[in-house]
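Colleague: I'm new to this one. Could you show me the structure and let me ask how you arrive at your descriptions?

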Amino acid sequence: MSEDRTRLLNLYEYTRSELTELLSEWGQPAYRAEQLWQWLYEHLAADFAEMTNLPRQLRDHLARHAAIQPLRVLEELVSRDQLTRKYLLELPDGETIESVLMLYERRRTACISTQVGCPIRCDFCATGKSGFRRNLTAGEIVAQVIYIARAARPFAPADARPLTNVVYMGMGEPLLNLDAVLKSLRILTDPKGFNMGDRHITISTAGVVPGILRLAEEPMQVRLAISLHAPTDELRDKLVPLNRRYPIAQVRQALQTYFEHTGRRITIEYALIKEVNDHRAQAAELAQLFAGLPVHVNLIPVNPVEDSPYRPSPPSRVKVFVEELERHHIPCSVRLRRGLDVQAGCGQLRSRHLTPTAS
Ligand code: SAH
């Protein structure tokens, strides 16, 4: 390799006060850090040369020692309807992750990764099948959001922010990398910078109970989604192996605590797999499980992945499942299967890029 990108400081690792400290070590007054912060998070600058209110010398110093684009795009896939854009991004050490921009009528959502690969290995998930490599740093998480925000800019009305929502639903398990995730949240919600409202951020977990409880104690009240996928331990043990460690009753209890601390309705993710978890009786069990806790169930016909026997539930079975949930007064919606043609199912694009020799 001709260049070593790992030696450059990733500026997105720093909170505003840490950046102030860094610049003060470089002999710069605090207001320079504020200016740099604005370039990073208000203007989404992609080049130090844009930062015309910084002295030339400081810009040169930054260009030599710091990265403003720590992620390098290897591939961009645009869905046929143009509404889903998926990016394969290379980290400074050569590992790869996926980030997605999803355009809706009024929302522009970034779906970002928190780990390279994933240790949880859900039976239907392409990311899990590729194994676990490492945690992302806070700066690598933030850099994805900024990358996707830049990509979203052409689709945002002139007076609107480029991104309206951020979901931690890409590759990896956010609650197994909680320190970095929390730091990234502090950076992204900074009112003087990117200023993303915590209500517009969702963290999705496979059910890491200690992480849910820790998140419940945080002053930042992000939305929580739980990838349930099965109403009984017997089935969930198979689909989401983490269930053997934190069975459904414990997860249910942690969600209750989360609700008591935050007052926020919880999202239940449920991938409908034909004749595995889509029976009417299972919908009734799911409803019973969450009686008394404000939840919204997101149903999504499973995305078929390679080497997996699981097939998506056909519309007729989805309909029955929805009817049964509604009969029990459980609010639910069927998510559109978007971006299938860009392999927007978690981990699928990266898997295709991994060479057979990669471990
Ligand atoms: N580890 C976290 C976040 C990443 S996965 C979690 O488990 O929630 C994001 C969502 O995509 C999860 O709900 C996951 O269960 C779901 N998912 C993964 N593979 C899928 C597939 N093939 N079809 C449908 N949903 C899938």
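Modeller: Gladly; please keep in mind that this is a predicted model. Between them, domain 1 and domain 2 bury about 1700 Å², and 52% of that is on carbon and sulfur atoms.

Colleague: Which residues of domain 1 lose the most area to domain 2?

Modeller: Those are Arg-5, Tyr-12 and Leu-44, which together account for 39% of what the domain 1 side buries.

Colleague: What makes residues of the two domains count as being in contact?

Modeller: Contact means heavy atoms within 4.5 Å. In domain 1, 19 residues are in contact with 22 residues of domain 2. The C-alpha centres of the two domains lie 32 Å apart.

Colleague: Now the ligand. Why is the pair formed with the side chain of His-229 called a polar contact?

Modeller: An oxygen atom of the ligand is 2.6 Å from an N or O atom in that side chain. The cut-off for such a pair of N or O atoms is 3.5 Å, so the His-229 pair is a polar contact.

Colleague: How do you know that Glu-173 and Phe-124 make polar contacts too?

Modeller: By the same cut-off of 3.5 Å. A nitrogen atom of the ligand is 3.0 Å from an N or O atom in the Glu-173 side chain, and a ligand nitrogen is 3.0 Å from a polar backbone atom of Phe-124. Both pairs therefore qualify as polar contacts.

Colleague: How much of the ligand's accessible area does the protein cover?

Modeller: The protein covers 92% of the 540 Å² that the ligand has on its own. The shell around the ligand divides into 8 nonpolar, 7 polar and 2 charged residues.

Definitions and conventions. Residues numbered from 1 in each chain as written. Predicted model: local features only at pLDDT ≥ 70, side-chain atom pairs only at ≥ 80, totals over all residues. Heavy atoms only, no water. Polar contact = N/O pair within 3.5 Å; in protein donor to acceptor, adjacent residues only side chain to side chain. Areas by Shrake-Rupley, 256 points an atom, 1.4 Å probe, with all protein chains shown as cover. Nonpolar A, V, L, I, M, F, W, Y, C, P; charged D, E, K, R; others polar. Domains from an automatic or database assignment. Buried area = accessible area lost by both parts, 1.4 Å probe.
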